[in-house]
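Please open the model in your viewer and keep the sequence panel beside it, since each stop on this tour begins with a selection.

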Amino acid sequence: LAAQSVGGMLYAYRPHDGERARFDEGYRAHLEWHRAAADTLPWYGWDIVAGRRMGEFVDGTFGVAFAALDRRVDPAGDAAHAARSFARHARATGQWAVRLRPELGTAAPLEARTPGGELVQVVKYTLPVGHQARFEAVLRRVRDGAERARLLPYTVYETVAGGSDAELTVFVWRSGMAAFDDDARDPTSAIRRALPAELGAALRAESELWRLRQDLTLLPRRETAASR
């Protein structure tokens with residue numbers, strides 16, 4: 001993965017009041033459309049269970065060359081089926097593209113199609129563009145000490161479209177809430193401790209907790225993926 005640019009595309013939805021069950025049913029049917037269409041892209045689904053966007057649903061495809069997004073299976077048919085299956089039960093709230101930064105993190109479970117636990121803490125760091133290089137240097141220092149500190153596995157993505165200023169997002173893979181008991185192993189705590197004061201004052205950090213929806217996730221066999 002480190003030898004090539006590997007990315008992903010994410011989408012967010014807020015189900016209409018009283019229509020979450022219909023949204024889930026429609027989205028599940030839409031994944032079946034992807035399966036029947038022999039779509040080779042992986043599709044993960046999460047509920048946001050804590051944070052400003054609590055109650056929203058996020059889906060995304062990861063671990064593909066960006067060119068694979070230009071070769072998606074039947075885009076018109078995909079959009080038409082989405083419109084009649086789940087999209088009418090929700091309001092779209094976001095769409096953005098990310099690039100995996102493997103040199104800044106310790107794990108890439110989504111790219112391996114082996115989701116890293118039921119819960120993932122998602123921390124988005126937003127900072128002025130002129131500060132990105134300094135922040136990446138902090139992330140490299142934390143990465144260099146991750147094994148010694150026995151940090152929880154984490155992945156770093158850079159927003160390449162759909163964001164503002166410069167955005168780097170850290171996905172911390174947690175087996176459950178008990179993982180929060182050991183702050184010394186929390187990568188986001190390590191990042192906070194490593195930040196120079198002036199850099200810390202320049203960035204904004206927003207944390208969410210996402211719960212994987214196995215029933216709203218589709219992971220085709222890797223060896224059939226045309227994007228590889």
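Across the whole of this predicted model, a search finds 21 salt bridges. To look at one of them, select Glu136 and Arg101 and display their side chains, which meet in a salt bridge with an N to O distance of 2.9 Å. This pair links distant parts of the chain, for Glu136 belongs to helix α4 while Arg101 lies in the loop between β4 (90–100) and β5 (119–127), and the two are 35 residues apart. In general, side chains of opposite charge can pair when their charged atoms come close.

Staying with helix α4, select residues 132–144 and then add helix α6, residues 187–194; the two helices pack with their axes 10 Å apart and at an angle of about 125 degrees. They are therefore oblique to each other, and the crossing in which α4 passes α6 is right-handed.

Next, show the side chains where these helices touch: from α4, select Phe135, Val138, Leu139, Arg141 and Val142, which meet Ala190, Ile191 and Ala194 of α6. Of the residues in this contact, 7 are nonpolar and 1 is charged, with no polar residue among them.

Finally, colour the chain by pLDDT, which averages 91 for the protein chain, with 95% of the residues scoring at least 70. Then select residues 223–228, where pLDDT stays under 50 and for which the model has 15 contacts beyond four places in sequence. Where pLDDT is low, the predicted coordinates should not be read in detail.

Definitions and conventions. Residues numbered from 1 in each chain as written. Predicted model: local features only at pLDDT ≥ 70, side-chain atom pairs only at ≥ 80, totals over all residues. Heavy atoms only, no water. Axes fitted to C-alpha atoms, helices over the stretch in contact; angles between N-to-C directions. Helix = DSSP H or I, 4+ residues; strand = E, 2+ residues; numbered from the N terminus. Parallel < 35°, antiparallel > 145°, perpendicular 65-115°, else oblique. Left-handed = near helix turned anticlockwise from the far one by under 90°. Contact = heavy atoms within 4.5 Å. Nonpolar A, V, L, I, M, F, W, Y, C, P; charged D, E, K, R; others polar. pLDDT = per-residue confidence, 0-100. Salt bridge = Lys/Arg side-chain N within 4 Å of Asp/Glu carboxyl O.
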